[in-house]
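Good morning, and thank you for coming. I would like to take you through one protein chain, step by step. Please look at the sequence and the structure as they appear.

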Amino acid sequence: MPAPHRTTAATALLLAAALALTGCGTGGEEAADTPADGKPEGRITFQTWNLRAKYKDYFEGLVRDFEKQYPDVKVTWLDQPAEHYADKLGADAAAGTLPDVVNVSPDLSHPLAKAGLLVDLDKEKAAARYKDEYTPEAWEGNTLPGLGGAYSFPWYLNTGPLFYNKKLFKDAGLDPEKPPKTYDDLFAAAETMARVSGGRIATLAGTPSIEDFGRYGVRLMNDDATKFTYNEPKGVELLTRYKQLYDHGGLDPQALTNTPEKSGQKFLERKVAMNPGSAHDLDTFKKDAPTLYRDLGITDAPNNTGRPNMYVMGLAVGRRSPHKAAAIAFAHFVTDRRNQEAFAHRVAVFPSTRGSLDGPYWTRDDGTDEGRVRVASARMLKGAVNYTPVVMSDEMKTVLKNEVAKALQGSKSPRQALDDAVARSNQLLRQD
């Protein structure tokens, strides 16, 4: 399945540098007069992100169907590998060859939109008329702070369930049918688990990420996304509670260095009571740990906001496209309800169109592992948000992770660690 894409710090910086070469920081006004509300016609390019190998037939059929409906439009489908995708976008931006319709995540669309290279769908009437076809959560997920509007048609969504071991919960005297829903619930359960097990069983295997701060209710950035603010008192409160949990054995002793693979292995070995996962993991549990598989519960990650986390993917339209009417028509066609649902039936992703997730495919457990996770995840997507700020690079995430580790180890206070993380991240943001 298409995993949530992430850019590295190096490629994000290269993309920003390439955009600077375009000289279009003022918005690329020469493209502003290209009509978008006329008859769709002309040749356009459509670029996806590492999808050709597995879904070639689907996209070739999609292009054929569109060209039948719009005979005056010809679509050339391009696909780029996942590796160095941001580099390729940067090179295209610098050369003025950005595709007419391009597959982007919000962190990639932000620098392109800031440079004036993407159509603001909320301002462009030919695109804005389709807004109500998508869920509010999906449209909001493609809206870029500080830039005023959405710059991509919502495409597929994704989220990840949290697995938990019902037997470990029961052994600790906790209700296995009532997993933690809030962070108060989580910390209370983790303290109990550590105490009853004599420190042998931790509840979590990893340290808090930026998504945890968001789910806790921390304000992560200011409104125009020019400064990080997760060192506010509520952020310090969260990290202080994680420090207490770490000291009491509620976090795995190797939490500071665990990789996702190591965390998964500890869950498999029943050393950790809760861990993120997917349908692929369920299949592994069934084969390698059938007892764990029988005791497995599926829930959402605890949050204080009532809104789970999600990942969003979109299709942006190039502002310099000479055939914006055709590009908008095609981007809408790919992301309309019929085509989104068809794609999501083939791939383990979720449609972003209104009403789609109310269908039986996403609401009725068919008894398969895939169905079990699909139904649980689809339920979580209603009201979900993308907590990761679109301007937060991997380097900034590493800064936060390192400072969190210092707080948990006791070499810095939680407040000092977050103050330092925010100061360094804001410095990197200004450099970008």
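I shall speak about confidence, then the sheets, then the cores, and lastly two unusual residues.

Let me begin with a caution: what you see is a predicted model. The mean pLDDT of the chain is 91, and 92% of its residues reach 70 or more. Which elements mark the two ends of the confidence scale? Helix H1, residues 9-22, has the lowest mean pLDDT among the elements, at 51, whereas helix H14, residues 324-334, has the highest, at 98.

Two stretches call for care. Over residues 6-11 the pLDDT stays under 50, and the model gives this stretch 13 contacts beyond four places in sequence. Residues 24-31 also have a pLDDT below 50, with 16 contacts in the model beyond near neighbours in sequence. Where pLDDT is low, the predicted coordinates should not be read in detail.

We turn now to the sheets. Strands of a sheet pair through backbone hydrogen bonds, either parallel or antiparallel. In what order do the strands of the five-stranded sheet lie? The order is S2-S1-S3-S8-S4, in an open sheet with mixed pairing. At the edges are strand S2, residues 73-80, and strand S4, residues 153-158, each of which pairs on one side only. On average, neighbouring strands of this sheet are turned by 20 degrees against each other, direction ignored.

Let us walk across part of this sheet, starting from one edge. S1 and S2 run parallel and are joined by eight bridges. One residue pair to find here is Thr48 with its bridge partner in S2, Asp79. The path between these two strands passes through a helix: S1, helix H2 (residues 52-69) and S2 make a right-handed β-α-β unit.

On its other side, S1 meets S3. These two strands also run parallel, and two bridges join them. Phe46 has Val101 in S3 as its bridge partner. Val101 also stands opposite Val317 in S8, so please keep your eye on this residue as we step to the next strand. The pairing of S3, residues 101-104, with S8, residues 311-317, is antiparallel and extends over four bridges. Helix H4, residues 106-114, lies across S1 (42-49), S3 and S8, running at about 130 degrees to S3.

There is also a sheet of three strands. This open sheet has the order S6-S5-S7, and its pairing is antiparallel. Strand S6, residues 274-276, and strand S7, residues 296-299, are the edge strands, each pairing on one side only. Here the average turn between neighbouring strands is 30 degrees, direction ignored. Strand S5, residues 162-165, is joined to S6 by three bridges, and Leu162 has Pro276 in S6 as its bridge partner. Helix H11, residues 260-268, lies across S5, S6 and S7, running at about 140 degrees to S6.

Next, the interior. How many residues does the largest nonpolar core have? It has 116 residues, and those with the most contacts inside it are Phe59 and Tyr230. The element that gives the most to this core is H14, with eight residues. Beyond its neighbours within four places in sequence, Phe59 is in contact with Phe46, Thr48, Leu51, Trp77, Trp155 and Phe343. Two of these names, Phe46 and Thr48, you have already met as bridge-forming residues. A second, separate core has 14 residues, including Phe163, Leu292, Val373 and Ala376.

Let us return to H14. Is this helix enclosed or open to its surroundings? Because 11 of its 11 residues are buried, H14 is largely enclosed by the rest of the structure. Among the buried residues are Lys324, His332 and Phe333.

Finally, I ask you to look at two backbone angles. Most residues other than glycine have a negative phi, and most peptide bonds are trans. His84, which is not a glycine, has a positive phi of about 65 degrees. This residue lies in the loop between S2 and helix H3, residues 85-95. Is His84 buried or partly exposed? With 46% relative accessibility, His84 counts as partly exposed.

Arg270 is the other case: its phi is near 65 degrees, again a positive value in a residue other than glycine. Arg270 is placed in the loop between H11 and S6. Its relative accessibility is 22%, and Arg270 therefore counts as partly exposed, since buried means under 20%.

That concludes my presentation, and I thank you for your attention.

Definitions and conventions:
Residues are numbered from 1 along each chain as its sequence is written. This is a predicted model: local features need pLDDT of at least 70, side-chain atom pairs count only at pLDDT 80 or more; totals for chains, interfaces and linings use all residues. Side-chain values use heavy atoms; hydrogens and water are left out. Two strands pair if DSSP finds at least two bridges between them. Axes are lines fitted to C-alpha atoms, for helices over the stretch in contact, and angles run from 0 to 180 degrees between N-to-C directions. Contact means heavy atoms within 4.5 Å. pLDDT is the predictor's confidence in each residue, from 0 to 100. A crossover is right-handed if, with the strands pointing away from the viewer, the path from the first strand over the helix to the second runs clockwise. A nonpolar core is a set of buried Ala, Val, Leu, Ile, Met, Phe, Trp, Tyr and Cys residues joined through side-chain atoms within 4.5 Å. Buried means under 20% relative accessible area, exposed over 50%, partly exposed in between (1.4 Å probe, protein chains only).
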